[in-house]
Amino acid sequence: MAASLLTMDDLVIHIPERPPGSPLNLAVAPGECWGILGPNGVGKTTLLHTLAGLRAPHRGEVRLGGEPLARLGRQGVARRLALVFQDHHDGFPATVLETALIGRHPYLRAWDVESPEDTAIAAEALARVDLAGLEHRLIATLSGGERQRLAIATALTQTPELFLLDEPTNHLDLHHQTRVLALVHAEVARGRAAVLSLHDINLAARHCDRLLLLYPDGQACWGPTAEMLVPEALERLYGQPLATGSVAGQPVFVPR
């Protein structure tokens, strides 16, 4: 059995003005795609930021490749883990290619510049998200969907073992939602792993092997997707009655 890439040991995240939730004890192994489901405000983004080391946990520990995250330097973390934020705030003018090349910075020493190999990795990542030909465009001129695909390309350029993706289909049209999640699947099939927060139960049902459900009262449960997609559990999760069905062998959930 492959060693876990990411482990949560009695992890409790800190959400301001809310009591601590249930401890999380789960492991993400190579070849796994985890989905995080829950309504607004339950801490999906906070959890991803905590897993990336950007927020301190309220209690417990995150381990990356068996090592406590708190002991790893930022460069070491960035070589093994990529985080795609839900929102993007660009502080200075840059081109599409320059932005994608940020993914290579964890591999550079001080004062190094990107090599032709780094540029080739970034160019390939841009092509995978349908941004080939836009390398010299300023990111300020991109649409919201193009900017989201650029964030995905930057993560691909980073070549990490683990992807943490906060609403990766945000701003994307139907075609690019499918394409981006297919890219995630391709990376997972290569022995990497992914943890992504989603609002769409149907996307989670189709693309995730395992699910973590975060409830408004702080409780949590997790396990294989087929075991988690129980209508009663999902209705309690969202406070919304659901109708269920099947399309092409896949479960489908719609509000009723």
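**Exercise 1.** Which residues does Gln148 touch, not counting residues up to four places away in sequence?

*Solution.* The model is a predicted one. Start with the position in the chain: Gln148 is found in helix H5, residues 144-157. Next, list the contacts. Gln148 touches Phe85, Gln86, His88, Glu167, Pro168, Thr169, Asn170 and Leu172. Last, look at the accessibility: Gln148 has a relative accessible area of 0% and is buried.

**Exercise 2.** Describe the surroundings of Leu150, which lies in helix H5.

*Solution.* Step one is burial. A residue counts as buried under 20% relative accessible area. The value for Leu150 is 0%, so Leu150 is buried. Step two is contacts: leaving aside residues up to four places away in sequence, Leu150 touches Val96, Thr99, Ala100, Leu126, Leu131, Ile139 and Leu142. Step three is a distance. Between the C-alpha atoms of Leu150 and Asp130 there are 9.3 Å, and the two residues are 20 residues apart in sequence.

**Exercise 3.** State the strand order of the open sheet formed by 4 strands, and find its edges.

*Solution.* The order is E2-E1-E4-E5, and the pairing is antiparallel. The edge strands each pair on one side only; they are strand E2 (24-28) and strand E5 (67-68). Now take one pair from the sheet. Strand E1 (residues 6-12) pairs with strand E4 (residues 59-64) in the antiparallel sense, over 5 bridges. Within this pair, Thr7 stands opposite Arg63 in E4. Finally, add the helix: helix H1 (residues 44-51) packs on the sheet and touches E1, E2 and E4. The direction of helix H1 makes about 120° with that of E1.

**Exercise 4.** How many salt bridges does the count come to? Work through three of them.

*Solution.* The count comes to 14 salt bridges.

- Arg210 forms a salt bridge with Glu32, and their closest N and O atoms are 3.4 Å apart. This pair links distant parts of the chain, 178 residues apart: Arg210 is in strand E9 (residues 210-214), and Glu32 is in the loop between E2 and strand E3 (33-37). Arg210 is partly exposed at 28% relative accessible area, whereas Glu32, at 12%, counts as buried.
- Arg256 forms a salt bridge with Glu235, with 3.7 Å between the closest N and O atoms. Arg256 lies in the segment after strand E12 (250-255) and Glu235 in helix H9 (residues 231-238), so the pair ties together parts that are 21 residues apart in sequence. Arg256 is exposed, at 62%, and Glu235 is partly exposed, at 24%.
- Glu187 forms a salt bridge with Arg190, where the closest N and O atoms are 3.3 Å apart. Glu187 counts as buried at 2% relative accessibility; Arg190 is exposed at 57%.

To finish, place the last pair in its setting. Glu187 and Arg190 are linked with Arg128 and Arg192 in a network of salt bridges.

**Exercise 5.** What does a search of the whole structure find for aromatic pairs, and which ring has the charged end of Arg236 over it?

*Solution.* First, the ring pairs: the search of the whole structure finds 0 aromatic pairs. Second, the charge: the charged end of Arg236 sits over the ring of Tyr215. The distance from the centre of the Tyr215 ring is 3.8 Å. To check the distance part of the rule, note that CZ of Arg must be within 6 Å of the ring centre.

Methods
Residues numbered from 1 in each chain as written. Predicted model: local features only at pLDDT ≥ 70, side-chain atom pairs only at ≥ 80, totals over all residues. Heavy atoms only, no water. Phe/Tyr/Trp six-rings, centres within 6.5 Å; stacked < 30°, edge-to-face > 60°. Lys NZ or Arg CZ within 6 Å of the ring centre and 35° of its normal. Pairing = 2+ DSSP bridges. Helix = DSSP H or I, 4+ residues; strand = E, 2+ residues; numbered from the N terminus. Contact = heavy atoms within 4.5 Å. Axes fitted to C-alpha atoms, helices over the stretch in contact; angles between N-to-C directions. Salt bridge = Lys/Arg side-chain N within 4 Å of Asp/Glu carboxyl O. Buried < 20%, exposed > 50% of the residue type's maximum accessible area, 1.4 Å probe, protein only.
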